[in-house]
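Reader: Could you take me through one part of this model up close? I'd like to hear about chain B, how it sits against its partner and how its own pieces meet.

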Amino acid sequence: MPISRRTLAAAAALCLALPLSACGSGGDGGGSTDASGKVEGDITFQTWNLRANFKDYFEGVIADFEKKYPDTHVKWVDQPAEGYADKISADAAGGTLPDVVNVSPDLVAPLAKAGLALDLDKAAAKYKKEYLAGAWASHRIPGMTGTYAFPWYLNTGPLFYNKSLFKKAGLDPETPPKTYDDLFADALELAEKSDGKVATLANVPTIEDFGRYGVELMNKQGTAFTFNDAKGVQMLAKYKELYDAKALDPQALTATPESSGRKFLTEAVAMNPGSALDLGNFKKQAPNLYKNIGITDQITSTGHVNMYVMGVMVNSKTRHTPAAVAFAHFVTDAEHQMSFAKKVAIFPSTAGSLDDPYFTKEDGTDETRVRIAAAKSLKNAVNYTPVLFSEQMKTALRNEVAKALQGKESPKAALDNAVKQCNTLLQQQG
Amino acid sequence: MALSTAPRAQRVRRQLPFSPWLFAAPGLLVTGVFILYPFVSTLVNSLTDRRTLIPGKFVGLANFRELLHDDMFWIGLRNSTLYVLGVVPALVVLPLLLALLVQKNIPGITFFRSAFYTPVVASIVVVGLIWVWLLDERGLINSLLESVGVGRVGFLSDQWLLLLSAMAVTVWKGLGYYMIIYLAALANVPRELHEAAAVDGAGAVRRFLTVTVPAVRSTMVLVGALSSVAAFKVFSEVYLMAGPSGGPAGEDTTLVMLVQRTGTGLTGRVGYASAISVVVFVVTVALMLLVLRADRRDET
């Protein structure tokens, strides 16, 4: 029986189309904003690089939730830190975004704009009062109404410094710089005394640095960036001075958090931001540095340190809205945030939790001293990272800053260009 | 029932028109799903303003027009082209010389062949990180340079040195791979030709130029074509050594890095990144044609 070419072509097209048909959005079902029904069903919870260190904790939380709501089953998936945004974007585009997702405000913004994040002002308004007002507001998106994630843990991230290098440069190791003016003065002195061999910083300024310097990052409406004002230019000019004096590491223009961490470990730079987890790393990999480690608050000229906020978002396409909302709230309620904070140096975003004696009472150890200081600074901390500041915008700013530091552009021209590019990208985001 | 009683040869003949397609189906399916569909999808996307989470609408050639005014695109095109110009001659000539060295059957030569091939099987990420440590301002190479009085060299902070360093890593990593290809070609060069040339008084260099090179010319063209396509599409080496931002002020960005940076993430511009991908495709095909054409011209 001969087979016509047309039949063959149709069969081939079908063969091609069949597997592809499985790649559709898949997110048609669900989507209810009503969280008041019965808490039941199978949901998936995705965390951001937490399994390695907190497996038992999360398994315990899930077991407690399933015990409280016997008709539910929570599947926990954890994704590595590297490429987390790409993983979420692939899932979101493919319609396979988990029901409950660990996010940061800048990740929530595009998901909310695409209608994939549940508006908690509507679906979970009753829980709002349980959280610090500032933390709840951190997942609001300029230009949109609503709040798109439960606030989870907060952090300020300490600034580590090498006391030995400070001492060698004739600086008092017990009084590290607090403001940017102090930092610039100390950095220049350190570079001069070490003949340009020891830099103070390993990274170029980021948008958060501009914020902590007191630069207005966006206009009031959140519709345009404004960090090219006189203050922004002044700060960049100062960084240029540091770069020329080698007070800013020569490789800062291509630095990554990993490479600058390595420079701090090898005592090539005197100061580096980090997290409490780094202390263990210093102890193991650089015992000499660990003996001389100093811990201080982030540099700020506004009196407010930068606050990093983690959130837990509910997928608006979930088929089990009540269970997903209940679980997202369960993970982030005061009791669980407090128990999580006792496992790792993070801080709860729930109202009143920071007044717990755990965050206020000294016990003579360095660890507690750092914790109390951080909790205190968190009370008036600001999340300086604009929610709408995308990866592409970070690259645009970084490249223009690099041009200014190399002297290819004036600080004013560089910031004007950065603002122009960021505003174009902002408009393209819609 | 008719089939079962039919002669065997007739049964086979009856299935003939369909059978080849059946055998080819798995391959066609894989090609269709993983090559053809993404290719067509990229072409279609390049004509839209699609974003990661927003389907986008048809914008015609707007993305291509935008490319013409995008400084970063021209930087990417410049760097990818420089990469081809820097890497391809080295990868055509050096592995041939290396193959000539290890071709001789002398005791212990297997060790050298394996040693030269080792970088090929090593993970590019591991290799990249090792070279970053070596070339760091306080790395081994700079320490050596400092100890001999040259002073520190900013291999990883100067845009041109960074690109050159990445090229060096690509060449170092690719030597073994192309050496194996040349070894296979050299095995087919008749020994008598060398002997005859030697009898005629040709020295080693003369024999290399008049016997070896013409004999492996088609392999050289193949290596040239393969390495030029790979060099134009370079990503890993530059990404690992220059960082995600593409070196100081993004000056070391290559076209494929630009595709990655522009098109990924939650706010990725899929349409624009697809337009850059189309340009990469066109240039790559043009490069292949250029090399093959040069080969044909040489033959005539």
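Author: Sure. Two residues count as in contact here if their C-beta atoms, placed from the backbone, lie within 7 Å. Keep in mind that this is a predicted model.

With that cut-off, 32 residues of chain B are in contact with 38 residues of chain A. On the chain B side, helix α3(B), residues 19–45, hands over the largest share, with 7 residues. Sort that side of chain B by class and you get 16 nonpolar, 12 polar and 4 charged residues.

Now for the inside of chain B. The chain is divided into domain 1, made of 32–69 + 268–300, and domain 2, which covers 70–263. Taken over C-alpha atoms, the centres of these two domains of chain B are 27 Å apart. Where they meet, 18 residues of domain 1 of chain B are in contact with 16 residues of domain 2 of chain B. On the domain 1 side, the elements giving two or more residues are α4(B), residues 62–68, and α15(B), residues 270–299. Helix α15(B) gives the most to that side, with 13 residues. By class, this side of domain 1 of chain B has 11 nonpolar, 4 polar and 3 charged residues.

Chain B also shows up when you look at nonpolar cores, but let's take the largest one before that. That core has 120 residues, and Val108(A), Met313(A) and Phe327(A) touch the most other members. Its largest share, 8 residues, comes from helix α14(A), residues 321–332. The core also draws at least three residues from each of domain 1 (41–155 + 307–378) and domain 2 (159–304 + 384–429) of chain A. As for Phe327(A), leaving aside residues up to four places away in sequence, it touches Ile43(A), Phe45(A), Phe65(A), Val74(A) and Val100(A). Back to chain B: a second, separate core of 51 residues includes Phe73(B), Leu96(B), Leu135(B) and Val256(B).

One last stop, over in the partner chain. Chain A has an open sheet of 3 strands in the order β6-β5-β7, with antiparallel pairing. Its edge strands are β6(A), 271–273, and β7(A), 293–296, each pairing on one side only. Ignoring direction, neighbouring strands of this sheet are turned by 25° against each other on average. Strand β5(A), residues 159–162, runs antiparallel to β7(A) and is joined to β7(A) by 4 bridges. If you want a spot to zoom in on, Asn162(A) stands opposite Ile293(A) in β7(A).

Key: Residues are numbered from 1 along each chain as its sequence is written. Chains are lettered from A and ligands numbered from 1 in the order in which they are written. This is a predicted model: local features need pLDDT of at least 70, side-chain atom pairs count only at pLDDT 80 or more; totals for chains, interfaces and linings use all residues. Two strands pair if DSSP finds at least two bridges between them. Axes are lines fitted to C-alpha atoms, for helices over the stretch in contact, and angles run from 0 to 180 degrees between N-to-C directions. Ala, Val, Leu, Ile, Met, Phe, Trp, Tyr, Cys and Pro count as nonpolar, Asp, Glu, Lys and Arg as charged, and the others, Gly among them, as polar. Domain bounds come from an automatic or database domain assignment. A nonpolar core is a set of buried Ala, Val, Leu, Ile, Met, Phe, Trp, Tyr and Cys residues joined through C-beta atoms within 7 Å. A residue is buried if 20 or more other C-beta atoms lie within 10 Å of its own, exposed if 12 or fewer, and partly exposed in between; C-beta atoms are placed from the backbone.
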